[in-house]
Every structure is written in C-alpha cells, then in structure tokens.
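Here's a quick briefing to read alongside the coordinates. Have a look at the model, then skim the bullets by topic.

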Amino acid sequence: MRTEIRIAGFGGQGVALAGYILGKAVTLHTGLQAVMTQSYGPEARGGASSASLVVADERIDYPFVERPDVLVALSQEAHDRFAPLVKPAATILIDIGLVTGKNGANQFGLPATEIAEQLGRRIVANVVMLGFLTRFTALVDRDGMEKTIESSVKPGTVTLNLEAFDRGYCYDRETITPERSGIDE
C-alpha cells in the first residue's frame with residue numbers, strides 16, 4: 001500500500017505544520033511509514049507552499065509525490081497547479097472560501113477559513129482541514145490525530161486546535177452540493 005498526499009496553499013496557512021501533524025499521526029498511531037517533503041515559494045508569506053507525504057506499509061524508497069491520491073487545496077493557485085496532476089480516482093478537498101473548481105465525484109469542500117475565523121483565529125484553518133481529511137481518508141483515526149495535535153502545537157493553543165479539528169471532522173459533507181460548496185459543475 002502506498003498513498004500519496006499533497007497539502008498545498010500559500011505561505012502563512014500552516015501547510016507544513018498540517019503535513020507534519022498528519023505524517024506524525026500516521027507513523028505513531030497506525031504502524032505505517034510516512035515521509036514528508038515540503039516546498040516554499042520565494043516569499044515568506046503569501047508565496048506558494050506545499051507539503052507532500054508518502055504513506056506506505058513498507059519502507060519508502062522514493063519519497064516524492066508524483067500523482068497524489070489525496071490533494072488538499074487551500075488556495076486557488078494550489079488547486080489550479082496540482083489538481084490536474086492527481087490520479088483519476090483521487091480525493092480532492094478544498095477550502096470553498098478560497099477555491100473554486102470543477103465538481104467531480106471525488107472533490108469535496110468545506111469553508112475551512114470561515115470556520116477558523118468563527119473560532120477567532122484564521123491560522124487554524126489548516127487544522128480544520130486536517131479534521132475534514134481525517135474523516136474522508138481514514139488514514140489515521142480521530143483519537144490518533146487528536147493526540148498528535150496535542151503534542152505538536154504550542155501548549156496555549158491546544159484547546160483551540162482541537163476545536164478546529166473537531167469542526168472539520170464533524171462538518172456534514174452530506175449537505176454539500178455544488179451550489180452550496182462554491183464548486184462549479
């Protein structure tokens with residue numbers, strides 16, 4: 001088993017932290033192997049940013065993501081750049097407040113940034129999306145992700161991050177329609 005995941009957005013959205021948390025949770029709580037690589041644009045904030053993870057049940061000899069099984073797009077630029085590169089049956093998760101795209105059978109969205117703003121900190125949109133991703137992919141269970149979040153974020157932000165994760169995890173994907181999701185048919 002080999003699963004390729006790319007989380008992409010722009011600098012300042014916590015893309016690398018989301019990749020780190022996911023990789024750590026997978027290795028600590030599932031017995032699977034994980035390798036993460038990351039890429040940044042030339043700007044510290046606002047430039048392109050991505051975290052790519054390879055998850056496998058055996059040693060990972062080639063750590064680079066070429067055709068993702070899962071794409072998380074937190075910006076329009078990330079979606080436009082990486083969506084054409086996913087495998088045909090890939091799952092694409094988008095922040096519908098920042099991304100529009102073609103509706104496909106395997107593309108789902110939630111308003112991650114809006115949910116984070118409701119919690120008072122836009123910066124936790126990455127963790128909202130991790131909750132959504134956890135529910136969709138089942139790479140790691142909820143308990144494992146929550147434990148990893150607790151040990152990976154600053155102590156003063158644990159409660160906020162766990163609430164953000166819960167909001168993403170519990171977001172009702174069954175009510176998502178192209179009209180409500182910001183996804184074009």
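Phe 82 lies in helix α2, where helices (H or I, at least four residues) and strands (E, at least two) are DSSP runs numbered from the N terminus. Before going further: this is a predicted model, so local features need pLDDT of at least 70 and side-chain atom pairs count only at pLDDT 80 or more, while totals for chains, interfaces and linings use all residues. Residues are numbered from 1 along each chain as its sequence is written, and side-chain values use heavy atoms, with hydrogens and water left out.

**Phe 82**

- Is Phe 82 buried or exposed? Phe 82 is buried, with a relative accessible area of 8%; buried means under 20%, exposed over 50%, and partly exposed in between (1.4 Å probe, protein chains only).
- Not counting residues up to four places away in sequence, Phe 82 touches Arg 6, Ala 8, Ser 50 and Leu 71, with contact meaning heavy atoms within 4.5 Å.
- One of those partners, Leu 71, sits eleven residues from Phe 82 in sequence and 7.6 Å away in space, C-alpha to C-alpha.

**The cavity beside it**

- Phe 82 also helps line the largest cavity, along with Gly 9, Ala 48, Ser 49, Glu 77, Ala 78 and Arg 81.
- On a 1 Å grid over the protein atoms alone, a cavity is a set of points where a 1.4 Å probe fits but cannot get out; a pocket is an open set with protein on both sides within 12 Å along at least five of seven lines, and lining residues have an atom within 4 Å of a point.
- The count comes to one cavity of 30 Å³ or more, and the largest holds about 30 Å³ of space. Grid points are joined across faces, edges and corners, and a volume is the space filled by probe spheres set on the points.
- Helix α2 (76-82) gives the largest share of the lining, four residues, and β3 also supplies at least two.
- By class, this lining has three nonpolar, two polar and two charged residues. Ala, Val, Leu, Ile, Met, Phe, Trp, Tyr, Cys and Pro count as nonpolar, Asp, Glu, Lys and Arg as charged, and the others, Gly among them, as polar.

**The largest pocket**

- The volume of the largest pocket is about 240 Å³.
- Its lining takes in 13 residues, and nearest the centre are Leu 17, Ile 123, Val 153, Thr 157 and Asn 161.
- Elements giving two or more residues to that lining are α4 (125-137) and α6 (158-170).
- The pocket lining splits into six nonpolar, five polar and two charged residues.

**Nonpolar cores**

- A nonpolar core here is a set of buried Ala, Val, Leu, Ile, Met, Phe, Trp, Tyr and Cys residues joined through side-chain atoms within 4.5 Å.
- The largest one has 40 residues, and those with the most contacts inside it include Ile 5, Leu 22, Leu 110 and Met 145.
- Helix α4 contributes the largest share of this core, eight residues.
- A second, separate core of twelve residues includes Ala 73, Ala 83, Ala 90 and Ile 96.
- Setting aside neighbours within four places in sequence, Met 145 is in contact with Ile 21, Leu 22, Ala 25, Leu 130, Thr 134, Val 140 and Phe 165.

**Helix α1**

- Helix α1 has 15 residues and reaches 21 Å from its first C-alpha to its last, close to the 21 Å expected at 1.5 Å a residue; the expected span is 1.5 Å times one less than the number of residues.
- Its buried residues, among them Ala 18, Ile 21, Leu 22 and Lys 24, pack against β1, β2 (33-40), β3, α4 and α5.
- Just after α1, Gly 31 takes a positive phi of about 80 degrees.

**Two loop residues**

- Ala 138, in the loop between α4 and α5, has a positive phi of about 55 degrees although it is not a glycine. Ala 138 is exposed, at 62% relative accessible area.
- Pro 63, in the loop between β3 and β4, is partly exposed at 21%.
- Pro 63 contacts Val 35, Thr 37 and Val 54, leaving aside neighbours within four places in sequence.
- Pro 63 and Met 36 are 27 residues apart in sequence but 7.3 Å apart in space, C-alpha to C-alpha.

**Whole chain**

- The secondary structure comes to seven helices and six strands.
- Of the 185 residues, 50% count as buried.
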